[in-house]
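Please open the model in a viewer and keep the selection panel at hand. The tour below proceeds stop by stop, naming what to select and what is found there.

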Amino acid sequence: MAAANPAKLLLGELACSVCLDYFKDPVCLDCGHNFCQACITQCWEALSTNFHCPECRKTFSQRNFKPNRQLRNIVETSRKLTLESTKEPEVERVCEKHKRALDVFCQVEEILVCMVCHLSQNHREHTVVPIEETAEDYKDQIQSRLEILKKEREEILSFKLSEENKSHELLKELETEKQKIVSEFQQLSQFLKEQERLLLAQLEELNKEIEKRRDEYVAKLSEELSSFSSLISEMEEKCQLSASEFLQDIKGTVSRCEREKFQNPAAFSSELKWRIWESSQRNASLGTIMKKFKDSLSSRQRLDKANVTLDPDTAHPYLIVSADRKSVRRGDTWQDLPDNPERFDTELCVLGCEGFTSGSHYWEIERKEGEVCIVGVARESVSRKGDIDFNPEQGIWAVLCNADRYWALTSPDDLSPLSLSRAPRRIRVYLDYERGRVAFFDAGTGDPIFTFPPASFAGEKIRPLFSGPLLFISLSSFPGPCS
């Protein structure tokens with residue numbers, strides 16, 4: 001077995017475990033592990049506490065690291081030594097058949113040949129060009145593919161850091177739920193102590209599941225990063241060779257560059273998010289009246305899927321509600337409808353038949369691709385006549401969907417843009433009446449879209465709301481008349 005290349009061994013010792021490249025401005029954590037300053041800063045960018053080491057996973061209460069100047073000097077010196085040690089004397093390549101120098105490149109067979117081969121019957125009709133000219137052409141091809149490979153590597157690194165941060169946030173949510181459960185269960189009888197044991201066991205199971213999926217995901221991305229880095233290093237070294245060496249097995253080199261684009265696997269399914277959400281809902285009443293806790297816990301406060309239908313008596317005259325009251329679209333003409341007090345006369349709005357004064361509920365909406373619409377909830381007392389401001393101050397909690405962008409309607413003078421990789425067509429709306437929470441999720445993936453700050457509904461009925469100038473919305477198929 002050939003001995004390992006000392007330069008590569010040295011690179012392994014002086015490479016950052018995050019970017020897999022030589023340390024740049026290395027810093028040392030309290031646990032003793034070193035990283036590029038930019039890499040560890042990016043890893044901790046979204047954190048405010050519990051800063052963890054990407055290598056040993058040890059957590060720190062403060063964002064603390066020290067510059068490692070000695071390691072920086074070693075890296076700089078080693079880079080120079082490695083470059084010099086990897087240079088090997090050029091060996092002249094000759095034709096095996098004629099023992100002559102390989103002077104030209106056959107474009108038909110894509111191989112180096114000597115002048116005798118060129119004049120022979122095998123290559124006489126083939127086009128040949130000087131090797132230096134051919135090498136430049138192929139180097140241009142390799143360089144362009146190198147740029148693509150490097151961008152792929154950066155994208156994978158971004159995926160890795162993003163999912164690590166997501167897992168950390170999920171674990172923080174679990175820890176918060178643990179603290180709520182423990183603090184409340186200490187005040188209850190043996191029945192509540194048994195419930196505490198069961199709920200903590202469920203959370204611990206979720207904790208292990210998240211850590212397991214995180215480790216599998218990170219391992220997968222680390223493997224891909226290592227593969228890309230090895231391929232990039234190989235291609236960069238190849239481009240440093242002489243033209244004749246560079247063109248040896250050029251077809252294989254080009255083939256290795258043209259690998260498929262990395263498909264990012266989903267690290268965390270919507271199932272985990274729903275299970276955490278359900279855990280939160282089961283504990284929503286832990287801080288309210290203790291005598292009601294036993295009944296609320298036995299029911300486990302599961303979310304109710306609301307059978308939302310549309311109320312045609314509230315629909316603007318331009319809006320056409322379907323016969324089953326499960327979808328609405330904008331018509332071309334103003335309908336001759338009675339101007340009853342419930343009907344919107346200026347804004348293109350319609351309310352759901354159902355109103356909620358307690359409990360936790362959700363419903364799903366499917367919007368037509370490219371449409372402009374507003375979805376959310378409104379107080380029963382919301383203004384129906386004249387112009388309306390869509391914001392919590394006026395009794396409306398909603399998001400605006402405009403083609404592939406989303407905005408939270410948080411105040412009269414503010415449209416808060418939401419950073420989403422794509423605009424989901426199916427939206428899940430959550431209403432937790434007791435906690436005054438209104439939240440929006442991607443119904444397909446479970447990813448959060450936006451959550452409004454807690455509000456006080458003060459016992460007033462809250463109803464689903466739909467609006468928009470280009471409106472075509474359908475609801476989950478649950479037939480039912482207005483109550």
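Begin with the hairpin of strands S19 and S20, which has five residues between the strands; within it, Gly446 takes a positive phi near 85 degrees. The coordinates belong to a predicted model. Select residues 437–442 for S19 and 448–451 for S20: the two strands run antiparallel and are joined by three bridges. Within this pairing, Thr451 of S20 stands opposite Ala439.

**The ring pair beside the hairpin strands**

Keep S19 in view and add the side chains of Phe440 and Phe452. These rings form an edge-to-face aromatic pair, 6.3 Å centre to centre, with 65 degrees between the planes. Phe440 belongs to strand S19, whereas Phe452 is in the loop between S20 and strand S21 (462–470), so the pair links parts of the chain that are twelve residues apart. Are these two residues buried or exposed? Phe440 is buried, with a relative accessible area of 0%, and Phe452 is buried as well, at 4%.

**Strand S14 and its partner**

Next, select residues 372–379, which make up strand S14; eight of its eight residues are buried. In a regular strand, side chains alternate between the two faces of the sheet. Colour the two sides of S14 separately: Val372, Ile374, Gly376 and Ala378 lie on one side, Cys373, Val375, Val377 and Arg379 on the other, and all are buried. Adding residues 396–402 brings in strand S15, which runs antiparallel to S14 and is joined to it by seven bridges. One of the bridge partners to display is Ile396 in S15, which is matched with Ala378.

**Thr314**

Move to Thr314, in the loop between strand S9 (304–305) and strand S10 (319–321). Thr314 is buried, with a relative accessible area of 0%. Which residues does Thr314 touch, not counting residues up to four places away in sequence? They are Glu342, Arg343, Phe344, Cys349, Val350, Leu351, Arg384 and Arg463.

**The nonpolar cores**

Now select Cys16, Val18, Trp44, Phe105, Ile142, Phe246 and Leu247. These residues have the most contacts inside the largest nonpolar core, which has 53 residues. Helix H5 (residues 131–185) supplies the largest share of this core, nine residues. Apart from this core lies another, of 33 residues, among them Ala315, Tyr406, Ile449 and Phe450.

**Cysteines without disulfides**

Return to Cys16, which is buried, with a relative accessible area of 1%. Leaving out residues up to four places away in sequence, Cys16 touches Asp21, Phe23, Phe35, Cys36 and Cys39. Why does the sulfur of Cys16 form no bond with the closest cysteine sulfur? That sulfur, in Cys36, is 4.0 Å away, too far for a bond, since a disulfide requires the two sulfur atoms within 2.5 Å. A second place to check is Cys114, whose sulfur is 3.5 Å from the closest cysteine sulfur, in Cys117, again too far for a bond. Cys114 is buried, with a relative accessible area of 0%. By this rule, the model has zero disulfides.

**A three-stranded sheet and Cys53**

Select S1, S2 and S5 together. These three strands form an open antiparallel sheet in the order S2-S1-S5. Its edge strands are S2 (34–36) and S5 (66–67), each of which pairs on one side only. Strand S1 (residues 26–28) is joined to S5 by two bridges, and Val27 has Pro67 as its bridge partner in S5.

Cys53 is found in the loop between strand S3 (51–52) and strand S4 (59–60). Cys53 is buried, with a relative accessible area of 0%. Its contacts, leaving aside neighbours within four places in sequence, are Leu29, Cys31, His33, Phe35, Lys58 and Phe60. A distance label from Cys53 to Ile40 gives 8.4 Å, C-alpha to C-alpha, across 13 residues in sequence.

**The aromatic cluster**

For the last close view, display Trp44, Phe51 and Phe65, which ring pairs link into a cluster. The structure holds eleven aromatic pairs. In the pair of Trp44 and Phe65, the centres are 6.1 Å apart and the planes are at 40 degrees, so the pair is tilted. Trp44 is buried, with a relative accessible area of 0%, whereas Phe65 is partly exposed at 23%.

**The whole model**

Finally, zoom out to the protein, which comprises ten helices and 22 strands. Buried residues make up 44% of its 483 residues. The protein exposes about 26300 Å², of which carbon and sulfur atoms supply 48%.

Notes:
Residues numbered from 1 in each chain as written. Predicted model: local features only at pLDDT ≥ 70, side-chain atom pairs only at ≥ 80, totals over all residues. Heavy atoms only, no water. Buried < 20%, exposed > 50% of the residue type's maximum accessible area, 1.4 Å probe, protein only. Core = buried A, V, L, I, M, F, W, Y, C linked by side-chain atoms within 4.5 Å. Helix = DSSP H or I, 4+ residues; strand = E, 2+ residues; numbered from the N terminus. Contact = heavy atoms within 4.5 Å. Pairing = 2+ DSSP bridges. Areas by Shrake-Rupley, 256 points an atom, 1.4 Å probe, with all protein chains shown as cover. Phe/Tyr/Trp six-rings, centres within 6.5 Å; stacked < 30°, edge-to-face > 60°.
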